Amino acid sequence: MKIIKKILSLTLLTGIVFASSLAISMSFLHAEVSIALGSVGRDTQVMRGYLDMWEKETGKKASIVSLPASTTDQFGQYKTWLGAKNKDVDIYALDVIWATQIDRHFVDLSRVAAEEAKLHFPAIIKSQMVGKKLVALPAFTDAPMLYYRSDLLTKYNESPPKTWRDLQRIAKKIMDGERAAGNSKFYGFVFQGSSYEGLTCDALEWISSYGGGQIVEANGKISINNAKAAKALDLIATFVGNISPEGVLSYMEEESRGVWQTGNAAFMRNWPYAYSLGNSSDSPIKGKFDVVTLPEGEGNGARSAATLGGWNLGVSVYSENKREAIELVKFLTGKRIQKLNAVNESKLPTIPELYEDADVLKTAPFFATMKDVLANSVGRPSGATRKKYNEVSKEFWTAVHAVISGRKNGSESLADLEKRLKRVRGRRW
Ligand code: GLC
């Protein structure tokens, strides 16, 4: 009896050990790395293609958690998940401005990806460092351009505008002409005027192009309440309902691209992703457009200014698949994928070497223009305002929206904004 009992308990024990080791190895086999990603243009589809490549090469599994296109909505969702220590998302696509706000939720990549980090522009790596911690690896950088219809500029005997006032004049001329010729839906200029982070980007360009500073300067000084900034906003306000549709007040990137790519706008402000989409085989404007640096303001300090954007990939500290997640981040931010992203999606690499790559230069001739655009780039004050950047940006885009929708004039709105920003800052940033 004793022997039978012993045999039975031994069998049971072996069974348990076997079952649990099977479960562990199964869970390893089936660990699926998930990546959260906002989708603009073809982003989700393209990411799926890269994940398929990775799955095929490694035998591992990866899935996408799709988020809304608005970077602001995405940030809200991320904060909820990270606050709840969500284990379901392993990798997060991170906007360049977020590192200082959510660093504590991400794995430090400075050691595990020390070699990979050396491949990228040092300034971009720096933007993802908080103290000694490397929060994310760069996937692509972003800087906007002025898209123009080259066929229509020729038709109306004009060249690309140098200043915002030139743009206003040329846009009006083309719009009047195209409407008279029967296209009542035609507009002069589309941009991102909705109340969200994208408007912060556009408005920083207008203001900076007039020499009106960067909202909050690198030393922490709130500089936004100045005459140049007010002048820039007052000019753009005159566009809305004239060369730009009223609807622009709720446009994000994709709504602007919608109007532009159906052939209903002479000019568009947008990021490089719209270049390859505009030239896709089914695009009505394929081969009919080109890009230049954004227009300059006027007066002392006038220049062309392009807000620096970009996306990075970070691994959540709550992930249960950190090893695979880090591997996948390295794969997605490496040279091979960045090259595909440049050649097929017209996204700007963060690896300097790729700017000399013959395939990249051949398929994306606008890369030559990008050198000038990047040279004119201006950063948002996320470094200076640290954990408070999101609040600062929200106050800023709200104040700008009040001007471009005609509810306040530039100087009124900016004086008010200065007071609000001082309140957000408190004693220090
Ligand atoms: C682009 C930029 C990002 C910016 C966003 C605003 O995605 O890369 O940095 O915040 O546009 O809409």
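**Entry 1: strand S3**

I looked up which way the side chains of S3 point. Ile91, Ala93 and Asp95 point one way from the strand, Tyr92 and Leu94 point the other way, and all are buried. I note the general rule beside this: in a regular strand the side chains alternate between the two faces of the sheet. The model I am reading is predicted.

I then checked the strand as a whole. S3 covers residues 91-95, and 5 of its 5 residues are buried, so I count the strand as mostly covered under the cut-off of 20% relative accessible area.

Next I asked which strands pair with S3, and in which sense. S1, residues 32-38, pairs with S3 in the parallel sense over 2 bridges. S12, residues 309-315, pairs with S3 in the antiparallel sense over 5 bridges. I followed isoleucine 91 to both neighbours. Its bridge partner in S1 is isoleucine 35, and in S12 it stands opposite valine 315. As a reminder to myself, strands of a sheet pair through backbone hydrogen bonds, either parallel or antiparallel.

**Entry 2: the sheet**

I wrote down the strand order of the sheet: S2-S1-S3-S12-S6. The sheet is open, has 5 strands and shows mixed pairing. Which strands form the edges? They are S2, residues 61-67, and S6, residues 137-142, and each of them pairs on one side only. I also looked up the twist: neighbouring strands are turned by 20 degrees against each other on average, direction ignored.

Two helices go with this sheet in my notes. H3 packs on the sheet and touches S1, S2, S3 and S12. The direction of H3 makes about 140 degrees with that of S3. H13, residues 322-333, lies across S1, S2, S3, S6 and S12 and runs at about 155 degrees to S12.

**Entry 3: threonine 71**

I picked one residue of H3. Threonine 71 belongs to this helix, which spans residues 71-83. Is threonine 71 buried or exposed? Its relative accessible area is 11%, so threonine 71 is buried. I left aside the neighbours within four places in sequence and listed what threonine 71 is in contact with: Asp95, Trp98, Glu197 and Trp311. Asp95 I had already met, as one of the buried residues of S3.

**Entry 4: H10 against H19**

I looked up how H10 and H19 cross. H19 holds residues 410-425. The two axes come within 8 Å and cross at roughly 125 degrees. Why do I call these helices oblique? Angles over 145 degrees count as roughly antiparallel and those from 65 to 115 as roughly perpendicular, and the crossing angle fits neither, so H10 and H19 are oblique to each other. The crossing is right-handed.

I listed the residues that meet there. H10 brings Ala229, Ala230, Leu233 and Asp234, and H19 brings Gly410, Ser411 and Leu414. These residues divide into 4 nonpolar, 2 polar and 1 charged.

**Entry 5: isoleucine 236**

I stayed in H10 and looked up isoleucine 236, which is found in this helix. At 1% relative accessibility, isoleucine 236 counts as buried. Apart from neighbours within four places in sequence, isoleucine 236 is in contact with Trp164, Phe191, Trp206 and Ile404. I also took one distance: isoleucine 236 and tyrosine 148 are 88 residues apart in sequence and 18 Å apart in space, C-alpha to C-alpha.

**Entry 6: two positive phi values**

Most residues other than glycine have a negative phi. I noted two residues with a positive value.

Isoleucine 215 has a phi near 75 degrees. Isoleucine 215 is found in the loop between H9, residues 197-209, and H10, residues 227-239. At 2% relative accessibility, isoleucine 215 counts as buried.

Arginine 386 has a phi of about 45 degrees. Its place is in the loop between H17, residues 382-385, and H18, residues 389-404. At 48% relative accessibility, arginine 386 counts as partly exposed.

**Entry 7: the whole chain**

I ended with totals. The chain comes to 19 helices and 13 strands. Of its 429 residues, 52% count as buried. The C-alpha atoms fill a box of roughly 100 × 55 × 35 Å along the principal axes. Among the contacts with a separation of 6 or more, 73% come from residues 24 or more positions apart.

Definitions and conventions:
Residues are numbered from 1 along each chain as its sequence is written. This is a predicted model: local features need pLDDT of at least 70, side-chain atom pairs count only at pLDDT 80 or more; totals for chains, interfaces and linings use all residues. Side-chain values use heavy atoms; hydrogens and water are left out. Buried means under 20% relative accessible area, exposed over 50%, partly exposed in between (1.4 Å probe, protein chains only). Helices (H or I, at least four residues) and strands (E, at least two) are DSSP runs, numbered from the N terminus. Two strands pair if DSSP finds at least two bridges between them. Contact means heavy atoms within 4.5 Å. Axes are lines fitted to C-alpha atoms, for helices over the stretch in contact, and angles run from 0 to 180 degrees between N-to-C directions. Angles under 35 degrees count as roughly parallel, over 145 as roughly antiparallel, 65 to 115 as roughly perpendicular and the rest as oblique. A crossing is left-handed if the near helix is turned anticlockwise from the far one by less than a right angle, and right-handed if clockwise. Ala, Val, Leu, Ile, Met, Phe, Trp, Tyr, Cys and Pro count as nonpolar, Asp, Glu, Lys and Arg as charged, and the others, Gly among them, as polar.
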